[in-house]
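Here is my note on this entry, written for someone opening it now. Please keep the structure in view while reading.

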Amino acid sequence: MSIKWFYRCPACAATYAIAPGRYLCEHCAKEQQPQRPLSGVLDVDWEGEVAAGSIPLPVDKKWLPPIPVGNTPLWAPRRLRDEFGAPNLWIKDDTCNPSGSFKDRASYLVAAFAREHRLPEIVLASTGNAASSMAAVGAAAGLKIKVFLPAAAPVAKRIQVLQYGAELVAVNGNYDAAFDLSLEYSTRSGSLSRNTAYNPLTIEGKKTVSFEMVDDLLRAGGNEPDHVFVPTGDGVILAGVYRGFENLKRLGRIAKMPTLWACQAEGSSAIARAFASNRDGNDAFSDPLRSSTIADSIAVDVPRNGLHALAKLRKHGGRVVTVDDQAILAAQQKLSASSGLFAEPSSIAAFAGWLKVRESIPANQTCVLLITGSGLKDISAATLGLGLNPGHQQPTGEQA
Ligand SMILES: *Cc1c(COP(=O)(O)O)cnc(C)c1O
């Protein structure tokens, strides 16, 4: 029983071997325009029979680094269920990953690929979490990690990168500038790029969450998910979650695709605007705006995976919802005080998005909130939400 793995371009159907140096579809990448999402983002695909109950992955499991990524808790927030009359609400808590964010799922697979192909260095750009994640997983794997990070990234994420022993290049600019600089470096040095969407394995690695969600829901005696709320910036998590459900459908492990909700901050809503535009391809992204939101992990001017994510949203009948920063900060406290979970603002977009649309969803349907990052990663946002002075060292106001 052997499986043949390959990349497939969802736009033109060209296929490629999964090998070092291959990132985008060489035909579709030629359509790349400045200030637009990546053209030519590839899907991972396979031919052959998958072992029952397993998660099919394009890298042999023996190369996965020795660190416990994934298999995060799926749990029932009872007090929220009662308060909102939502008996089928679930939380998939990816703050429990080793570096505190969902990004570990992608780093895990990319690191396994690097080990399999004896590539010593991985380089990437990040708004913070991809960097701290790659640094953590790279440390477990014994890989050299170089990250390009906007100088304004939250301090906890920067400290994580250094703590795990990675090399940090502070970029005097935003994520988009860091993305370009890191690509220049990886092209010049031949290091493996973990840039999100650009490396197809970043999408593929994220699909594991869908398999876990379905397994855990069925094991808990629940139904397969009807709605999944996904915080969305570049749209890579969204595409990864879709990939997982596409696989599950193909393998006959779910009866129908759930409705995915791309949850965006109002100040960084390129995918939501593209979706609402009724246009497709680059035309849907022809009005890039400068992003401005407290939810730094989903703050992007040009969503790298925008074309790919938009195509999947359209194909599977997905939905979008946007929430403003005030709603995010209020929902952040609400989630913590009513469930015991402290999540960073980007993840809260999923909860705030659900709060906004929940009345349109019948109470008997199963909703999963994908909570992607720990609140401890960005204390200044929560400080603001609590109405405290950011310079305040003693929140109780008591001086020792
Ligand atoms: C990266 C990230 C997101 C958004 O993922 P995209 O693939 O950019 O849409 C959401 N939440 C957290 C915590 C993240 O780190």
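The points below cover confidence first, then the ligand and its surroundings.

1. Status of the model. This is a predicted model. The chain has a mean pLDDT of 94. Of its residues, 97% reach 70 or more.

2. A stretch to read with care. Over residues 392-400, pLDDT stays under 50. For this stretch the model has 3 contacts beyond four places in sequence.

3. Where the ligand sits. The largest cavity is the space that the ligand takes.

4. Who surrounds the ligand. There are 15 residues around it. Those that come nearest are K103, N129, G233, D234 and T372. By type, the shell divides into 8 polar, 4 nonpolar and 3 charged residues.

5. Polar contacts to ligand oxygen. Look at K103 to begin with: an N or O atom in its side chain is 2.7 Å from an oxygen atom of the ligand. G235 contributes through its backbone instead, with an N or O atom 2.8 Å from an oxygen atom of the ligand.

6. Polar contact to ligand nitrogen. Which residue places a polar side-chain atom 2.7 Å from a nitrogen atom of the ligand? That residue is T372, also listed among those that come nearest.

7. Cover. On its own, the ligand has 380 Å² of accessible area. The protein covers 98% of that area.

Technical notes. Residues are numbered from 1 along each chain as its sequence is written. This is a predicted model: local features need pLDDT of at least 70, side-chain atom pairs count only at pLDDT 80 or more; totals for chains, interfaces and linings use all residues. Side-chain values use heavy atoms; hydrogens and water are left out. A residue is near a molecule or strand if one of its heavy atoms lies within 4 Å of it. A polar contact is a pair of N or O atoms within 3.5 Å; within protein, one must be able to donate a hydrogen and the other to accept it, and residues adjacent in sequence count only if both atoms are side-chain atoms. Accessible areas come from the Shrake-Rupley method with a 1.4 Å probe; for residues, only the protein chains shown count as cover. On a 1 Å grid over the protein atoms alone, a cavity is a set of points where a 1.4 Å probe fits but cannot get out, and a pocket is an open set with protein on both sides within 12 Å along at least five of seven lines; lining residues have an atom within 4 Å of a point. A molecule sits in a cavity or pocket if more than half of its atoms lie within 2 Å of its grid points. Ala, Val, Leu, Ile, Met, Phe, Trp, Tyr, Cys and Pro count as nonpolar, Asp, Glu, Lys and Arg as charged, and the others, Gly among them, as polar. pLDDT is the predictor's confidence in each residue, from 0 to 100. Contact means heavy atoms within 4.5 Å.
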